[in-house]
Amino acid sequence: MHYKTLLRSLVPVLFVSFVAWPACQKNEFEDPELAERTSEFAFPLFSTTLNLKDLMLKVLSDSLSNDTILVNPDGTMTLYYSGKVAEKPATDIFKDFAGGLFPLTDTVSYGPIDNLPGVSVSRADLSKGTIYFGIFNGSQDTLTGHIRIPQMTKDGNVFVYPFVASPGANNATPIPVAGYILQSNNNVLEFIYEAYKPTGERVKVEIAPGFPGIFVQFENLEFSYLQGYWANQRYELIRDTIEIDINQTNLVGDVYIKNPQVTMRIANSWGFPTRGVVKYLSFIGRNGEEIPLTSSVFVDSAVDFNYPSFALGEVGQTKFTDITLDETNSNIAQIFNSQPTRLIYEVDGISNAQNDQSIVGFLTDSSNISLNMRVELLLEGSARNFGAEQTLDLNFGGLTDLDTSKLESVEFKIVSENGSPISSNLQLYFLDEAGVAVDSLFDNGAQFIIRAAPVNSEGAAIGITRTEHFVTMPAARFERVRQTKQAYLSTAFTTAQDGAVSVRLLASDNVTVKMGIKAKMRFQ
Amino acid sequence: MHISKYKSLLLCLFLAGEMTAQQELMLSSMPDLWHSNSINPAIFPAGKRFFIGGPAYSLDAAHSSKVAYGDVFRKDGTRTLIDLGNVINKLDPENEVFFDQRIETVSLGIRSKNDNWGLQIGHAIVTSGWGKYPKSLAEVLWYGNAPYIGQTLEIGPQADIFDWHEWSVGLSRRFGQLDIGARFKYLTGAGSLQTDENRTLMSIYTDPDIYQLTLKTDYVFYSSSIVEAVDTAGYGYKFRTNSFGGQPSFQNTGMAFDVGFRAQLSEHLSIHASALNLGGSIEWKENVSAFTSSNQYFYEGANIPGIDIINGSDNLDFDAKLDTLNDIFQFEKSTPDRAFKSELPLRIFAGGNYQLTERWSLGFSAMYQSLANRTNTALGVSARWQVLRWVSLGGMYSANSRTPGNLGFHLLLNPGPLQVYVLSDNLLNGFSAKNSPAVNFRLGGALVF
């Protein structure tokens, strides 16, 4: 019966061991791992709000330097941009009488203040230059004397040049004339000289009998002021070319801008009547064709410039003349909506076209005639597939470093909330380092990711149109795309109702574009 | 730092079968077992004078829905995998888990020669855990937030977990056929983790627009010797923790009382009742911290000025934005501004036994437990068969707050002075933890002379 005693002792031990065994299997509780699963995480990526005013300024005038957009009281916007200023300074005219050489054939000689055709100067203020008197004494006596110019004064003192000329001597001393004023009622200067022998006898200075021995030379003259009479004369005024590049991209599609205006502003500080005569004014179209401008504002292709009046004490002032070309007085609308690329013009000037001899004119050394062409676009019109292309730098930021080994797919959600009357059809091509497109955002071509807001009868946006697009990418495709550093953006804009109506772009118009992502991850 | 042990405890909590408290109905029907003294200080096995209680282990764990260990865990070679995919559909909108573990290391008892007095001392290590979590927490952890776009997911879990050591001394007195007993328990807490029931908000909302995230927290939890720091500096979270089951601290102290009686009403009929953990609580002072997260954060992705886009500044820097996402759950550690106390569960047992024959007896048991606002009531009837003089088997039918029908059993081997037993209030699930949403068993051994 010993085995029964043994059994009675062992059974509890075995029993407890059996029961307790599972509880000792603690390894199942230690460091368990999450099983394979597919989880999907959704989070926002970015949002941005594009203001139409900023966008239009960029799209329409990116390459122009003197551009600006003004917001009108009714919220509409007007785009202004200007070409470079073409000008004709008065100093160009001064060059024509910068100097001259002539002999004094007698003790009293005469010479003109200037030799400009049709110009009679009654006053000239010298700011720079010299006068030379060449004296050649052909006699056997030493001659003494002076030369006087009564019309040439400085601080009220008449110009006088004393001299002593030895027999056979040759004097030519330069004398600065800055500060002297030449004044004559008949555009004539008198040169009077007196020469005496030692005996006191007054004589004429001659190189040889019959040949004058005194010469006068003005050199490098510059004037600060000219006053006189300008007769009717025609001269070349301005010839210039303005590049009209309203977009740095290659535009395609149709755009219609309602009532564009081109304003020519002439700023004139020449102090006599000038008439501008348009010799040539044409636009050059996209295909190189010439599109002449026709307008009723030019009478015989000419227009009189406003000018500062001597009689009214307007010396130094600038007068402006604005010539506005719009759809009411020209074919500028037709020209502009054909998207011209260049404006070429040539204008001559006619002084005192009315030939009014009572007009006293003037020029200062700062007098100028300038012509500025300004294009003024009220942002109202329509567009259909108005295209723009641009290459953008890309940086996916943290997504570039994302561990995609567990990624199954991603789904981008692109949302636009558009408060403008413009739709945007877009495709984005992702470029590798060689600039070769490796993928595109949309599989089925460009998509309207932004749709125009509804418009009222005036063409202004009156609501917001929300558009959603989903782009799904398998992991491999996303891996390829996120490594790209550049993208080629091809966009086409179309205004509301497929461009069939004219819309008005308001400064308050904007569009919000935002994107979120769903990432499906497979954990194993 | 013993993160793995802490993790194990949490997992046990998750697995645990429903039991709003430690239900030990079967033990209360076995007055001849020395370890039944642990639920009634008046009970000493009849006819014995010396009692040496060996190790005893009891586990009672439950989950509020039909989630079992096997639903969550599966083996893949040597790996143990957690598969919530099988579980989420079974979860309720709000789920509770319970975990009560008692390890009785040693107990000694002696009765006076005249059998009128009984003295008992003992030591036990007890862990009590309760947790509550929304289904959405499991969903967002497993499936991510994308399937729940447009929904506000409340994901804040609640927990009240603590473990302590009981150092007990008890005395019983016999008055004729009536035994009454009382026990004083000195408590030394080891660790505690307790959420503030008034501040449990953690929510996440994913906007249908472009998935903007709105995150809100107003969440506070208290820790004693468990959580040292919550690090959210990276994309994930790291809890620097110590484990439960650590050394008790004499700064974390409390006390509790057990009282009970047993009356032999006739030769065959006896009744008993007890109340445990009266006034029981532990005040935590050792290494106590409060962790607070109170934020509201709206994340809408990178906000790129339109003028930058127009002018060609098109770099999207997501890094800095995502870093700030972690700030929302940034827990601030501080000293709690209120008393941090854990109440012990109040447990009341009552029942009776009727000796039908020399080998058969019948029993009735009732149990009520209350902790905070959580209660559990269980009633059971039992039958016991003395197969041999040293072998007894028993069965019990019981109903509790969760299920109306539970079959319990016990097996007691009593060769000589040795008492070895295993018992469960839930036979079908008691030892099949892998496939059961509820686990209940007790096993142990003792020497009685």
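Two strands pair if DSSP finds at least two bridges between them. Helices (H or I, at least four residues) and strands (E, at least two) are DSSP runs, numbered from the N terminus. The exercises concern a predicted model, in which local features need pLDDT of at least 70 and side-chain atom pairs count only at pLDDT 80 or more, while totals for chains, interfaces and linings use all residues. Residues are numbered from 1 along each chain as its sequence is written, and chains are lettered from A and ligands numbered from 1 in the order in which they are written.

**Exercise 1. Describe the sheet that contains strand S2 of chain A and strand S15 of chain B.**

Step 1. Strand S2 (residues 37–51) of chain A runs parallel to S15(B), and four bridges join them. Within this pairing, Thr48(A) lies opposite Ile304(B).

Step 2. The open sheet has five strands, ordered S34(A)-S30(A)-S37(A)-S2(A)-S15(B), with mixed pairing. Its edges are S34 (465–474) of chain A and S15 (302–305) of chain B, each of which pairs on one side only.

Step 3. From one strand to the next, the twist averages 15 degrees; axes are lines fitted to C-alpha atoms, for helices over the stretch in contact, and angles run from 0 to 180 degrees between N-to-C directions.

Step 4. Helix H5 (residues 475–482) of chain A packs on the sheet, where it touches S34 and strand S30 (407–418) of chain A. The direction of H5(A) makes about 105 degrees with that of S34(A).

**Exercise 2. Determine where confidence in chain A is highest and where it is lowest.**

Step 1. The quantity to use is pLDDT, the predictor's confidence in each residue, from 0 to 100. For chain A its mean is 81, and 84% of the residues reach 70 or more.

Step 2. The highest mean, 94, belongs to S34(A), and the lowest, 40, to helix H1 (residues 2–24) of chain A.

Step 3. Over residues 1–30 of chain A, pLDDT stays under 50, and the model has 22 contacts beyond four places in sequence for them; two residues are in contact if their C-beta atoms, placed from the backbone, lie within 7 Å. Residues 247–252 of chain A also stay under 50, with 15 such contacts. Where pLDDT is low, the predicted coordinates should not be read in detail.

**Exercise 3. Establish why Leu237(A) and Lys216(B) count as buried, and list their contacts.**

Step 1. A residue is buried if 20 or more other C-beta atoms lie within 10 Å of its own, exposed if 12 or fewer, and partly exposed in between.

Step 2. Leu237(A), in strand S18 (residues 233–243) of chain A, counts as buried because it has 22 C-beta neighbours inside 10 Å. Beyond four places in sequence, its contacts are Lys88(A), Gly276(A), Val347(A), Asp348(A), Gly349(A) and Ile369(A). Ser370(A), 133 residues away along the chain, has its C-alpha atom 9.5 Å from that of Leu237(A).

Step 3. Lys216(B), in strand S9 (residues 213–224) of chain B, counts as buried because it has 20 C-beta neighbours inside 10 Å. Leaving aside residues up to four places away in sequence, Lys216(B) touches Leu201(B), Ser203(B) and Gln296(B). Between Lys216(B) and Tyr297(B), 81 residues apart in sequence, the C-alpha to C-alpha distance is 6.4 Å.

Step 4. As context for Lys216(B), 45% of the 449 residues of chain B count as buried. Chain B has seven helices and 24 strands.
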